[in-house]
Amino acid sequence: MNTVKQRSRQVKQPRGGYAPLKLFDIYDFDDSIVLKEDENVHPSIVGAAIDYLSRILFGTDKRQAFDVSFKGAHNLNKVDMAESLLSRVINHDDDSIVAACKLAGFDSAYRAGLSAYKPIEEINPDKATIENIQVMLSRVESFVERFGPIIQDGVRFDGAYTDTITDGDADFLTEDTLWDMKVIKNKPDSKQTLQVLIYYLMGDVSNNPLFKTINKVGIFNPRLNKAYTLEVFKLGTQALDDVLFNVIGYQH
């Protein structure tokens, strides 16, 4: 019983990984803006807030964008509080970002259980954190202008889950690429490139007709302001078969 992310961290990969970063094309969106060093909100909260606010930017209904947050709030019997916070999410102004970060604080109660939840009253983004999030959201907009439009977000893999991988969803699709967004300080590692490759292969097996035109995987990092893309055929059939059968768990 694993998510795609969990499975990608369990697997012993060949040297360099199944999807080596050296094979990816790198795009640097240099905007000459240096983010503030110190943020007073946990990186996972910042990342989730950017993810959900980006989905709204792509056209997703804001209640749907914060679906995981509401599932956590439901587990805590705090749906009314979540609804109040959601009403404050209007755009990328300071109060919208504060409300989005607080909402993201409910996620842990769904993803990791009630014991992992920490009171959202303690999540109070300072000026530096708010400004960093605003810059990164602007970078998402620039990314979409370059690689968009977004044709689907919150991508599920109905018909493709296995006994080994029972859950997981990718961030979004463009016309020919499956994307994962990572709001981290380092370049992607082999676990993260494997994660996006698993998404691609599960998408190819799934019932989603949009995958008929998908031939690349990509990672976008608004913190580094870089995108990484790979044409999957470059990996070769042996590596792909290894992931299909030994990592995901499909039958020969």
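I looked up E175 and placed it in the loop between β5 and β6. The helices and strands I name are DSSP runs numbered from the N terminus, with H or I over at least four residues for a helix and E over at least two for a strand. E175 has 59% relative accessibility, so I entered it as exposed. My scale is this: buried is under 20% relative accessible area, exposed is over 50%, and partly exposed is in between, with a 1.4 Å probe and protein chains only. From E175 to V247 I noted 26 Å, C-alpha to C-alpha, for 72 residues in sequence.

A note on the source. The model is predicted, and local features need pLDDT of at least 70, side-chain atom pairs count only at pLDDT 80 or more, while totals for chains, interfaces and linings use all residues. Residues are numbered from 1 along each chain as its sequence is written, and side-chain values use heavy atoms, with hydrogens and water left out.

Next, the whole chain. I listed ten helices and eight strands. Of the 252 residues, 50% count as buried. The C-alpha atoms fill a box of roughly 50 × 45 × 30 Å along the principal axes. I then checked the radius of gyration, which is taken over C-alpha atoms; the globule rule is 2.2 Å times the number of residues to the power 0.38. For 252 residues a compact globule would come near 18 Å, and the chain has 18 Å, so the two agree.

Then salt bridges. I used a side-chain nitrogen of Lys or Arg within 4 Å of a carboxyl oxygen of Asp or Glu as the criterion. The search of the whole structure gave 13 salt bridges. One of them joins the side chains of E131 and K36, at 2.9 Å from N to O. E131 is in helix α8 (residues 127-147) and K36 is in the loop between β2 (25-28) and α2 (43-57), so I logged a link between distant parts of the chain, 95 residues apart. E131 is partly exposed because its relative accessibility is 24%. K36 is partly exposed too, at 41%. K36 and E131 are also linked with K127 in a network of salt bridges.

I turned back to the loop between β5 (170-173) and β6 (177-181), where D176 sits. D176 forms a salt bridge with K216, at 3.7 Å from N to O. K216 is in strand β7 (residues 216-221), 40 residues away from D176, and the pair links distant parts of the chain. D176 has 28% relative accessibility and so counts as partly exposed. K216 is partly exposed at 24%.

Are D180 and K182 buried or exposed? Both are buried. The closest N and O atoms of their salt bridge are 3.1 Å apart.

I also looked up S44, in helix α2. S44 has a relative accessible area of 45%, which means partly exposed. The C-alpha atoms of S44 and I184 are separated by 9.2 Å, with their positions 140 residues apart along the chain.

Last, surface charge. Which residues gather in a patch of positive charge on the surface? I found K5, R9, R111 and K191. Patches take residues with over 30% relative accessible area and no salt bridge, joining like charges within 9 Å and nonpolar side chains (Val, Leu, Ile, Met, Phe, Trp, Tyr) within 5 Å. K191 is in helix α9 (residues 190-205) and is partly exposed, at 35% relative accessibility.

Definitions and conventions: Accessible areas come from the Shrake-Rupley method with a 1.4 Å probe; for residues, only the protein chains shown count as cover. Lys and Arg count as positive and Asp and Glu as negative; His and the chain ends are not counted. The place of a charge is taken as NZ of Lys, CZ of Arg, CG of Asp or CD of Glu.
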